[in-house]
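Work through the following exercises with the sequence and the model open side by side. Each task is followed by a solution that proceeds step by step.

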Amino acid sequence: MSLENISLKRVRRTYEPEAKAWNDNVLAVPWEDIDPPLHKVTIFSLKNVFFFSHATPVQVGALKDFSGNGHSALLEAPTGSGKTLAFLIPLMERLLRVSEEYVKVKSAPPLTRHVVGFIVSPSRTLAEQTFVVGRNLSARFPYNIQFVLCDGVVSKPRDAMEKMQSGPRGAGFFVVTTPRDLLDLCAQLNIGGRTESGVKLFSTPANRFVLVVDEADLVFNNGTMRGSVEKFVTDCHQARVKLDFCFVGATVSTSPFAQEYFTTAAKQFASTPHVISLQTDSSFLSQLQNRFVLCESHDFLSVLVQIINLHASKKHFVFFNDPKVLLFAHRLFRLLSDQSSRPLLYISNIFMMHEGMNESTRMEQYSKFLGHRTTSGKGPEGVQKKKAGEKSNQVFAGGLKRQGKPSLGSGAILLCTDIAAFGLDVRDVDYVYHFEPPATPQSYVHRVGRVGRMGLRGSSVLLLPVVLDKQAAVSSRERKTTTNRFNTITNTKRRGVEVTGDSSLKEDLLPENHRLFVTSLRELSNIEQFTLPPLAPIASTLRNIISGDAKLVKMAKEAAMKVCETSCVWFDPKLAVQSFLLD
């Protein structure tokens, strides 16, 4: 993949929603009214490139406290609140002011190959996304301010150095990299020394070198990544390179390592520290439906499949804690969507992204998911006019015909681990599902933050299977409770609802440890129980599909063991065996 193709990382909606999708409360101040005043070029870029007319609260705070030389900032704000621009705009404003002063003194534009800042991201995917935003922003600025990507895959340290050596001179380079590639790049830059190419770290009292650590809590909670950042800062201190810092994240306050190191490093380099913390997320996630589902263990897989089928023309994230559980779900979903006569899963576009994949394959899958178009016609959401025969069929709109093969939806599913939970900005995904409870509360916050960003609509569903006592369970396994042959997810008319009733379980039937977990979820976020619609009894069909595939049975057993390890707060061996239909 080339650098030019990375532009696919920023995918916006291709239609105008019928209802207003933006929440005006998240927009704090017009760009023209910000103090200190922004350069007119910055305002032009924000309005004409990103189409933002106002700044969010975190951007206002960052521009106030981080735009000045000799100041450092720790930014904590909810996911989707504009944190990337919150540190990119001050960086551009700093270098723009220095360049203008240079022109006044020298009567000529700055023509250098100086590296004036590093932006360190915990993952390559996030680094590429930040690079695209920075590149698009700087393209409208004078003095040739450039962003360079060094992620070890698309652009390796040697490639980044060649680009800076052979490219046009200008005011300076901001390098977007990862902790893994940071030290390799610094070795070629020769911190504190001279290089034949003229590319070097540049820092003066009037223009300090800036180190930005995105998702700082994730970086500093990992020993290897933390060590790379600390080694770079130590080398800069020994070489007498003056630094300013910016640590960014939605849950930075949960990492004592990040907070302590920010305070220590700012003091060591005589940089004035500022803490900008916006704890509440109500303004930014006001249109997010945050829900959990309690279901009987044997219905766990069938509930997930049929909830996804409800929105077969949308994009979905499905999060897992372990790649082995993800691989089981991937093979199962492939089989369910490839059924020749009557598929049980109405989405055939299934992608995956996890730590076990090599970086190139992972990026390819992610790019295909982002580039997938769910709209095929004109008008809101690409809805096409139905034929006369389709109009007479009252359940056709739900995606299922009474006779013949059901039509597959145009949506897509990304099965992923927490590698896709941090920082990725995907605007056309509406649904997030948690196949198992997240390992940490921070993971849950970041997973939910993939949807409902900046006031857009979104829905998060956490699936929680339970094993009920025989006396408490209404029925065991599957048992027809109505005279109807099918109570499908699309057949939700009055008669079906009255007969079937509410299929959701009540919290008072849960064991004590599970009730405590649900209570802790409510304390973490504004989460509500989701009332399930009438669902088709397909658990027996799923069991037959799993048992008929020897490889799938093996993968199901491995997945059952893994959920007991990674989600021990909820899963136990008995619950895992029943949830994966292995009993």
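A cavity, as the word is used here, is a set of grid points where a 1.4 Å probe fits but cannot get out. The coordinates are those of a predicted model.

**Exercise 1. Determine how many cavities of 30 Å³ or more the structure holds, and describe the lining of the second largest cavity.**

Step 1. Applying the volume limit of 30 Å³ or more leaves three cavities in the structure, and the second largest cavity has a volume of about 50 Å³.

Step 2. The residues that line the second largest cavity are L91, R94, L95, V116, F174, N207, R208 and V210.

Step 3. Sorted by character, this lining divides into five nonpolar residues, one polar residue and two charged residues; its largest share, three residues, is supplied by helix α3, which spans residues 83–106.

**Exercise 2. Describe the chain as a whole, and then identify which residues have the most contacts inside the largest nonpolar core.**

Step 1. The chain has 19 helices and 17 strands, and of its 583 residues 55% count as buried.

Step 2. Among the contacts in the chain with a separation of 6 or more, 83% are between residues 24 or more positions apart. The chain exposes about 25,500 Å², of which carbon and sulfur atoms supply 50%.

Step 3. The largest nonpolar core has 88 residues, and those with the most contacts inside it are F328, F333 and L415. Apart from this core lies another, of 47 residues, which includes W31, L85, L91 and V248.

Step 4. When residues up to four places away in sequence are not counted, F328 touches L301, I546, L552, M555, A556, A559 and F580. One of these partners, L301, is among the buried residues of helix α10.

**Exercise 3. Decide whether helix α10 is largely enclosed or open, and give the reason.**

Step 1. The criterion for a buried residue is a relative accessible area under 20%.

Step 2. In helix α10, residues 300–309, 10 of the 10 residues are buried, and the helix is therefore largely enclosed by the rest of the structure.

**Exercise 4. Locate G170 and establish what surrounds it.**

Step 1. G170 lies in the loop between α5 (157–166) and β6 (172–177), where G170 is buried, with a relative accessible area of 2%.

Step 2. Leaving aside neighbours within four places in sequence, G170 is in contact with P110, L111, T112, Y143 and N144.

Step 3. P110 is 60 residues away from G170 along the chain, yet the C-alpha atoms of the two residues are separated by 5.8 Å.

**Exercise 5. Examine the backbone at P36, N144 and R240, and state where each residue is found.**

Step 1. As a reference for this exercise, most residues other than glycine have a negative phi, and most peptide bonds are trans.

Step 2. The peptide bond that joins D35 and P36 is cis, with omega about 5 degrees, and P36 is placed in the loop between β1 (29–30) and α1 (40–48).

Step 3. N144, in the loop between α4 (124–138) and β5 (145–150), has a positive phi, near 55 degrees; N144 is partly exposed, with a relative accessible area of 30%.

Step 4. R240, in the loop between α8 (223–238) and β9 (243–249), likewise has a positive phi, near 60 degrees; R240 is exposed, with a relative accessible area of 77%.

Note on methods:
Residues are numbered from 1 along each chain as its sequence is written. This is a predicted model: local features need pLDDT of at least 70, side-chain atom pairs count only at pLDDT 80 or more; totals for chains, interfaces and linings use all residues. Side-chain values use heavy atoms; hydrogens and water are left out. On a 1 Å grid over the protein atoms alone, a cavity is a set of points where a 1.4 Å probe fits but cannot get out, and a pocket is an open set with protein on both sides within 12 Å along at least five of seven lines; lining residues have an atom within 4 Å of a point. Grid points are joined across faces, edges and corners, and a volume is the space filled by probe spheres set on the points. Helices (H or I, at least four residues) and strands (E, at least two) are DSSP runs, numbered from the N terminus. Ala, Val, Leu, Ile, Met, Phe, Trp, Tyr, Cys and Pro count as nonpolar, Asp, Glu, Lys and Arg as charged, and the others, Gly among them, as polar. A nonpolar core is a set of buried Ala, Val, Leu, Ile, Met, Phe, Trp, Tyr and Cys residues joined through side-chain atoms within 4.5 Å. Buried means under 20% relative accessible area, exposed over 50%, partly exposed in between (1.4 Å probe, protein chains only). Contact means heavy atoms within 4.5 Å. Accessible areas come from the Shrake-Rupley method with a 1.4 Å probe; for residues, only the protein chains shown count as cover.
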